[in-house]
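This note is meant for a colleague who is opening the structure for the first time. Please keep the sequence and the view at hand while reading the points below.

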Amino acid sequence: MGTTKHSGRTKLPMRPSPKLWVSKVPFGLGKIKPKHIRETLKVAWENRDNLPYAYRILTQGVCDGCALGVSGLRDQTLTGPHICTTRLNLLRLNTMPAIKPQALHADIEELRRMNSAQLRDLGRIPYPMVRRMGDRSFKRATWDEAMDRISAKIRGIDPKQLAFYLTARGITNESYYAAAKAARFIGTNNIDNASRICHSPSKTALKRSLGIGASSCNYKDWIGTDVLVFWGSVAANNQPVSTKYMYAAKRKGTKIIVINPYREPAMEGYWIPSIPESALFGTKLADDFYQVNIGGDIAFMNGVMKIWFEMERDTPGSAIDRAFVSEHVNGYETLKSHVENQHWEPIERSSGLSRERIREFAELLAGSRSGVFVWSMGLTQHRFGTDNISQVANLALLRGFLGREHCGVMPIRGHSGVQGSGEMGADPFSLPGGEFYGPDIDRIERLWGFGLPRWQGDIVGVSLENALLPEDHERKLKLFYTSGGNFLETMPDPEFVGRCLENVELRVHQDIVLNTSTLADAKEEVWVLPAMTRYEQPGGGTSTSTERMVYYSPEINGPRIGEARPEWSIYCELAARVNPERRHAITFRDAAHIREEIARAVPYYEGVQHLSVQGDVFQWGGAWLCEGGKCPTEDGKGRLLAIEQPELRKPEGTFYATTRRGKQFNSMVYDETDSFNGADRYDVLMNEGDATTLGIREGDAIVAYNRYGVMHGRAKPADIATGNIELYWPESNVLLPQGSYEPYAGIPEYNAAVVVEKAETYHALKDTRYVERRIEQLELELPG
């Protein structure tokens with residue numbers, strides 16, 4: 001923890017800077033780019049039945065989109081108002097009316113013909129419902145009926161056969177905390193959250209390398225740092241307000257580097273709507289792109305360090321901050337030996353970059369006095385995601401980019417509430433303010449007044465797979481309780497996930513809208529419980545941003561939906577009905593009461609109990625974690641780790657495939673066309689040279705396939721590293737391996753090796769052994 005406090009908002013420069021303009025043509029006319037004015041008008045039209053309430057949400061509430069932490073229209077980084085289309089697109093979830101009964105209780109097959117966007121547009125869930133095996137539609141139920149049935153089922157099964165999951169759909173810290181406590185009160189440690197499929201390797205790696213589980217710095221540190229590196233992150237698309245921070249950084253002379261297989265148009269230039277100059281002429285963001293192969297980041301970073309150690313031999317202190325390493329770092333000689341033994345041929349082959357190109361980046365970092373490394377799922381969603389992040393930590397430690405102004409490591413969050421999920425204990429490996437072992441268990445047992453289950457809980461992917469275990473297995477999943485989330489659209493191999501969901505005896509979907517997974521059968525019954533949004537929650541709620549700012553979002557006056565309840569109260573009521581004799585241990589008077597207990601359970605959240613009015617905020621841990629280089633590890637030092645380089649061979653004519661986000665918020669797709677490159681959802685982004693080699697032209701029907709599945713799409717040439725393709729998520733999940741989890745953090749693998757062919761070739765030969773031979777060749781030549 002640091003002692004320096006955040007220094008407050010800074011102003012943007014008033015004078016324009018034409019050298020940063022993307023185009024002299026106003027508003028980027030004629031270019032493929034987001035149409036911010038048009039989209040804003042569209043959102044206003046969609047919310048025309050509830051405009052005053054929509055306006056109050058925007059001006060009083062804390063954004064329920066990404067985790068930048070905009071409260072009302074303000075944040076803690078820059079003066080002036082902030083708003084983005086991501087937040088605007090989510091607005092309708094909070095203002096739309098209840099689903100009409102004729103749609104809500106329609107034949108289940110009629111609902112199944114809708115996709116999740118169409119189901120979402122039906123409106124909010126107004127009251128509890130149940131659909132038993134064999135029912136053709138949902139039936140209305142009372143809250144008492146729902147709570148009695150679900151609690152009775154829980155009492156009748158082993159706690160290991162029960163699992164909870166919480167998405168990050170605007171869920172507050174209060175709800176995460178109540179769910180974590182309720183799950184342990186009931187007796188299960190099977191509770192997980194949305195970070196499992198996005199940033200779980202970030203926390204795991206930062207813990208082992210630096211002793212921290214969150215960003216070490218602030219967004220304000222971007223502004224004026226020498227170099228700002230985005231690794232596998234398209235912040236301009238996923239966290240649009242961050243482009244204002246990039247603009248401010250550029251005006252201060254910061255170099256912005258993007259490391260990504262695809263030369264992302266959104267990071268090359270962006271029209272920032274809340275900055276007049278940028279709204280008119282756009283802003284050049286990235287100074288350079290390093291188009292590393294999918295999965296080649298470890299090799300690339302080994303190359304960077306190898307060059308640093310060469311520089312050090314010639315001129316000590318020219319590349320590595322020797323004073324910082326000597327005082328604050330362990331493992332230097334082991335890492336040095338490991339990296340020096342790496343050979344350039346596999347480094348270049350794996351990374352996809354030449355030694356000369358790697359040297360450019362190494363020398364840029366070596367010549368920088370400060371640097372901030374930002375990353376997202378391009379680094380985490382790998383079978384070696386934790387190792388990827390520890391490599392980033394290695395670079396930061398060697399350069400001393402830690403614990404001071406304009407320096408740090410930042411896993412940028414895509415969900416507004418997900419940073420707080422593990423900190424509140426909604427995680428099989430975590431408890432509020434600590435880990436699920438040793439003294440933290442004893443500490444929480446004393447606070448809560450009841451014993452905790454001492455067995456290790458499962459991550460959500462494994463919990464779902466447990467639905468297919470034999471009937472008498474102690475961990476066979478019999479009751480799955482999910483708050484939001486749609487595993488049919490977020491997990492690899494949707495067909496397999498569907499079988500898992502349908503093999504659960506009783507499923508509970510606590511949500512604000514329907515999605516496709518809600519409609520899947522269950523062996524006994526499916527219960528649907530209506531939840532309130534964060535803006536409806538009596539007593540307000542808090543959420544934690546990427547930079548560890550804990551914001552208070554007040555209850556906002558406006559219409560309420562039927563019988564929807566605060567999420568935290570549903571969890572507590574259910575737990576109380578499971579064990580009514582001890583209900584006093586799980587009962588909270590109100591949201592403020594929960595915050596009082598959070599302050600005792602999570603020591604670094606001291607102060608959360610005082611948040612009560614709009615604008616209240618504090619930052620846990622101070623401006624910089626590891627301030628002055630002192631890490632919260634056993635010896636106070638950061639740990640350099642020798643990371644093994646994954647082998648990335650592939651047969652000729654095959655590709656590494658990764659997933660990409662378009663006009664969407666997580667799995668909620670808002671438009672079929674990507675506003676940054678004009679691609680449709682089934683377009684396959686591929687290198688033009690690769691396409692030419694295969695005789696593929698733009699718009700050709702093509703097939704990407706492997707042993708996991710087949711995806712039909714159309715070729716779209718793009719500036720992407722040769723041998724790599726990008727496909728849209730979740731449409732491409734059929735190609736991803738089921739049951740492949742990163743060993744340290746449990747994140748699923750979201751990358752795959754695939755064969756790409758023209759559709760006419762695939763279909764002409766699919767009845768022969770040709771396709772099977774291609775898949776066998778792919779599997780034989782790729783490492784496991």
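1. An open sheet of 5 strands, paired in parallel, follows the order 9-6-5-11-12. The coordinates belong to a predicted model. Strand 9 (288-290) and strand 12 (408-411) are at the edges, and each has a single partner strand, so one side of each is left without a neighbour in the sheet. From one strand to the next, the twist averages 20°.

2. One edge of this sheet can be followed at residue level. Strand 11, covering residues 371-375, pairs with strand 12 in the parallel sense, and 4 bridges link the two. Within this pair, Val-372 stands opposite Gly-408 of strand 12.

3. A helix accompanies the sheet. Helix 18, formed by residues 355-366, lies across strand 5 (227-231), strand 6 (255-259), strand 9 and strand 11. Relative to strand 9, helix 18 runs at about 125°.

4. Elsewhere in the model, how do the strands of the barrel pair, and in what order? The barrel is closed by 6 strands in the order 22-28-25-27-26-29, and their pairing is mixed. Here the twist averages 45° from one strand to the next.

5. A pair of strands from the barrel order deserves a separate look. Strand 26 (residues 701-705) and strand 29 (residues 751-758) run antiparallel and are joined by 4 bridges. Tyr-705 has Val-755, in strand 29, as its bridge partner.

6. As background to both assemblies, strands of a sheet pair through backbone hydrogen bonds, in either a parallel or an antiparallel manner.

Note on methods
Residues numbered from 1 in each chain as written. Predicted model: local features only at pLDDT ≥ 70, side-chain atom pairs only at ≥ 80, totals over all residues. Heavy atoms only, no water. Pairing = 2+ DSSP bridges. Axes fitted to C-alpha atoms, helices over the stretch in contact; angles between N-to-C directions. Contact = heavy atoms within 4.5 Å.
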